[in-house]
There are 2 protein chains.
Amino acid sequence: MRTLEHPRTEDLQLDAVLSALADPIRRTIVRQLADGHADQACIAFALPVGKSTSTHHFRVLREAGVIEQRYQGTAILNTLRDTDLEARFPGLLTAILAAT
Amino acid sequence: MRTLEHPRTEDLQLDAVLSALADPIRRTIVRQLADGHADQACIAFALPVGKSTSTHHFRVLREAGVIEQRYQGTAILNTLRDTDLEARFPGLLTAILAAT
DNA sequence: ATCGTAGTACGAAGTTCTTCGTACAAGCTA
DNA sequence: TAGCTTGTACGAAGAACTTCGTACTACGAT
């Protein structure tokens, strides 16, 4: 079983989170996850970029601690780490989602 | 009298604001302005970078609409546009300042 | 076992960002 | 006027970011 590295909640860095969310493509992903579409595979996002670029953006979000990724077969299910983000940076994700 | 361009409140872009605030040096500036030290000249910030780099960072903040800059003699007085930011992106600046 | 699907690794290209130094402009002060 | 202070313009170097294509791995289905 393949596993993916995720930062712990207490290790989340504001720099990384803001940089990750400053990109419109990555905010598209977060927006879609926040709109109740949890546990979606990467391919379900129909991003306007190639496959390897898509991988890159999901990785940035995961390494910043914005999303959680776990394998299910060959696919990866993505989930927004909204609870963790709220605990570490109260109000931040809410404000950014509201502004999008 | 020299003047400086500022985006209008309704034209503030989330992309630009988040990118501007994703940089630690620029957050230092914002933090200091938020801590009641309004109307400070650029030189008062003692940033760990050269003079022209400092100019660059203040310009990024101004063009994103995060700060207001106006000339007073040869100096520039900097003010946080907290009211404008709150109007356009409610809770965003507050959350970022709280997390810093 | 073979094939298809979902995503990764790697290298490359092009762009943008950060930083710097030097030379310069604008305004105050003596 | 001459000199000082504050910040800008410009060019350059290096780092980081975004994007891509191709080859690859892992897993499931046929």
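How many residues does the contact take from chain B, and how many from chain A? In this predicted model, the answer is 17 residues from chain B and 17 residues from chain A. On the side of chain B that touches chain A, the elements giving two or more residues are helix H1 (14–21) and helix H5 (92–99) of chain B. H5(B) has the largest share of that side, with six residues. Sorted by class, this side of chain B comes out at 12 nonpolar, four polar and one charged residues.

The pairing of the two chains can also be put in terms of symmetry. A turn of 180° and a shift of 0.0 Å along the axis lay chain B on chain A, with an RMSD of 0.0 Å. The two copies are therefore related as by a two-fold rotation axis. Both copies use the same surface, too: 100% of the contact residues of chain B turn up again in chain A.

Now for the fold of a single copy. Chain A is built from five helices and three strands, and along the sequence these run in the pattern α-α-β-α-β-β-α-α. Its C-alpha atoms fit a box of roughly 35 × 30 × 25 Å, taken along the principal axes. The radius of gyration of chain A is 13 Å, which agrees with the value near 13 Å for a compact globule because the chain has 100 residues. Of those 100 residues, 29% count as buried. Among the contacts in chain A with a separation of 6 or more, 63% come from residues 24 or more positions apart.

Helix H5 of chain A, residues 92–99, deserves a look of its own. Its residues Leu92(A), Leu93(A), Ala95(A) and Ile96(A) are buried. These residues cover an arc of only 160° around the axis, so they sit on the same side of H5(A). What do the buried residues of H5(A) pack against? Their partners are helix H1 (14–21) and helix H4 (82–88) of chain A, together with H5 of chain B.

Then there is the DNA. Around DNA strand C there are 22 residues, of which Ile43(A), Thr55(A), Val49(B), Ser52(B) and Gly73(B) come nearest. Two or more residues of the surface near this strand come from each of helix H3 (51–64) and strand S3 (75–80) of chain A, and from helix H3 (51–64) of chain B. The surface near DNA strand C divides into 10 nonpolar, nine polar and three charged residues.

DNA strand D is likewise surrounded by 22 residues, and the closest are Ser52(A), Gly73(A), Ala41(B), Ile43(B) and Thr55(B). Here H3 of chain A, along with H3 and strand S3 (75–80) of chain B, each supply at least two residues. By class, the surface near DNA strand D has 10 nonpolar, nine polar and three charged residues.

One glycine rounds off the picture. Gly50(A) lies in the loop between strand S1 (40–41) and H3 of chain A. Is Gly50(A) buried or exposed? With 9 other C-beta atoms within 10 Å, Gly50(A) is exposed. Gly73(A), one of the residues closest to DNA strand D, is 23 residues from Gly50(A) along the chain, and the C-alpha atoms of the two glycines are separated by 22 Å.

How values were computed:
Residues numbered from 1 in each chain as written. Chains lettered and ligands numbered in written order. Predicted model: local features only at pLDDT ≥ 70, side-chain atom pairs only at ≥ 80, totals over all residues. Near = placed C-beta within 6 Å. Helix = DSSP H or I, 4+ residues; strand = E, 2+ residues; numbered from the N terminus. Nonpolar A, V, L, I, M, F, W, Y, C, P; charged D, E, K, R; others polar. Rg over C-alpha atoms; globule rule 2.2 N^0.38 Å. Buried ≥ 20, exposed ≤ 12 C-beta atoms within 10 Å, placed from the backbone. Contact = placed C-beta atoms within 7 Å. Least-squares fit on C-alpha atoms with pLDDT ≥ 70 in both. Arc of directions from axis to C-beta.
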